[in-house]
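Student: I have just opened this model and would like to learn how to read it. Could you walk me through it, one feature at a time?

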Amino acid sequence: MADARVIHFEIVGKDQKALQAYYSDLFGWKLKTDAPGGYGMTDPAATGVVVGVGATPDGSAGHVTGYVTVSNIDATLAKAVSLGGKVIMPKFSPGGGATLALVADPEGHVVGLTEV
């Protein structure tokens with residue numbers, strides 16, 4: 001898989017089940033909700049990318065985040081910081097072999113990273 005492809009975006013907020021129902025009804029998405037915490041994910045064959053719909057860990061209002069593939073999250077985090085960005089969530093694994101992190105650009109816009 002090539003670097004810098006957008007492969008996932010997520011929509012998270014206070015009421016996971018309501019958000020899942022809303023987007024399922026709005027777009028006809030079938031969400032598989034057997035991930036930890038009931039996080040729902042679409043089949044990328046149906047939506048073009050994986051779309052995740054879930055709850056914010058801290059109960060905040062939520063956000064929409066796109067995830068970009070990179071070959072080395074640590075190096076990308078360091079580069080983001082050197083360019084004036086900020087690490088919002090350090091590298092972690094939510095399970096299933098995925099590795100993720102979040103960075104904010106100098107204006108505060110958040111982008112997710114996923115290691116391939």
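Tutor: Gladly! Keep in mind that this is a predicted model. Let's begin inside: the largest nonpolar core has eight residues, namely I11, L19, Y23, W29, L31, V49, V51 and V53. Two elements, α1 (16-27) and β3, each give two or more residues to this core.

Student: What is the general idea behind looking for such a core?

Tutor: In soluble globular proteins, nonpolar side chains tend to be buried together. In this model there is also another core, lying apart from the largest one, with seven residues that include V70, L77, A80 and A101.

Student: Which residues does L19 touch, leaving out those up to four places away in sequence?

Tutor: With those set aside, L19 touches V12, G13, V53 and G54. You have met V53 already, as a member of the largest nonpolar core.

Student: Now a single residue: is T42 buried or exposed?

Tutor: The idea is to compare its relative accessible area with a cut-off: buried means under 20%. T42 has 6%, so T42 is buried. You will find T42 in the loop between β2 (40-41) and α2 (44-47).

Student: What surrounds T42 there?

Tutor: Not counting residues up to four places away in sequence, T42 touches W29, K30, L31, T47, V49, V50 and V51. Of these, W29, L31, V49 and V51 belong to the largest nonpolar core. The side chains of T42 and T47 are also joined by a polar contact of 2.9 Å.

Student: And P106: buried or exposed?

Tutor: Here the cut-off to use is the one for exposed, which is over 50%. P106 has 64% relative accessibility, so P106 counts as exposed. P106 sits in the loop between β6 and β7 (110-115).

Student: Which residues does an exposed one like P106 touch?

Tutor: Beyond residues up to four places away in sequence, P106 touches L83, G84 and G85. Look at G84: along the chain, P106 and G84 are 22 residues apart, yet 5.3 Å separates their C-alpha atoms.

Student: Finally, what is the volume of the largest pocket, and what lines it?

Tutor: Its volume is about 790 Å³. The lining has 29 residues, and E10, Y39, F92, P94 and L100 lie nearest the centre of the pocket. At least two lining residues come from each of β1 (6-13), β3 (50-55), β4 (63-70), β5 (86-95) and β6 (98-104).

Student: How do the lining residues divide by type?

Tutor: They comprise 16 nonpolar, eleven polar and two charged residues.

Key. Residues are numbered from 1 along each chain as its sequence is written. This is a predicted model: local features need pLDDT of at least 70, side-chain atom pairs count only at pLDDT 80 or more; totals for chains, interfaces and linings use all residues. Side-chain values use heavy atoms; hydrogens and water are left out. On a 1 Å grid over the protein atoms alone, a cavity is a set of points where a 1.4 Å probe fits but cannot get out, and a pocket is an open set with protein on both sides within 12 Å along at least five of seven lines; lining residues have an atom within 4 Å of a point. Grid points are joined across faces, edges and corners, and a volume is the space filled by probe spheres set on the points. Helices (H or I, at least four residues) and strands (E, at least two) are DSSP runs, numbered from the N terminus. Ala, Val, Leu, Ile, Met, Phe, Trp, Tyr, Cys and Pro count as nonpolar, Asp, Glu, Lys and Arg as charged, and the others, Gly among them, as polar. Buried means under 20% relative accessible area, exposed over 50%, partly exposed in between (1.4 Å probe, protein chains only). A polar contact is a pair of N or O atoms within 3.5 Å; within protein, one must be able to donate a hydrogen and the other to accept it, and residues adjacent in sequence count only if both atoms are side-chain atoms. Contact means heavy atoms within 4.5 Å. A nonpolar core is a set of buried Ala, Val, Leu, Ile, Met, Phe, Trp, Tyr and Cys residues joined through side-chain atoms within 4.5 Å.
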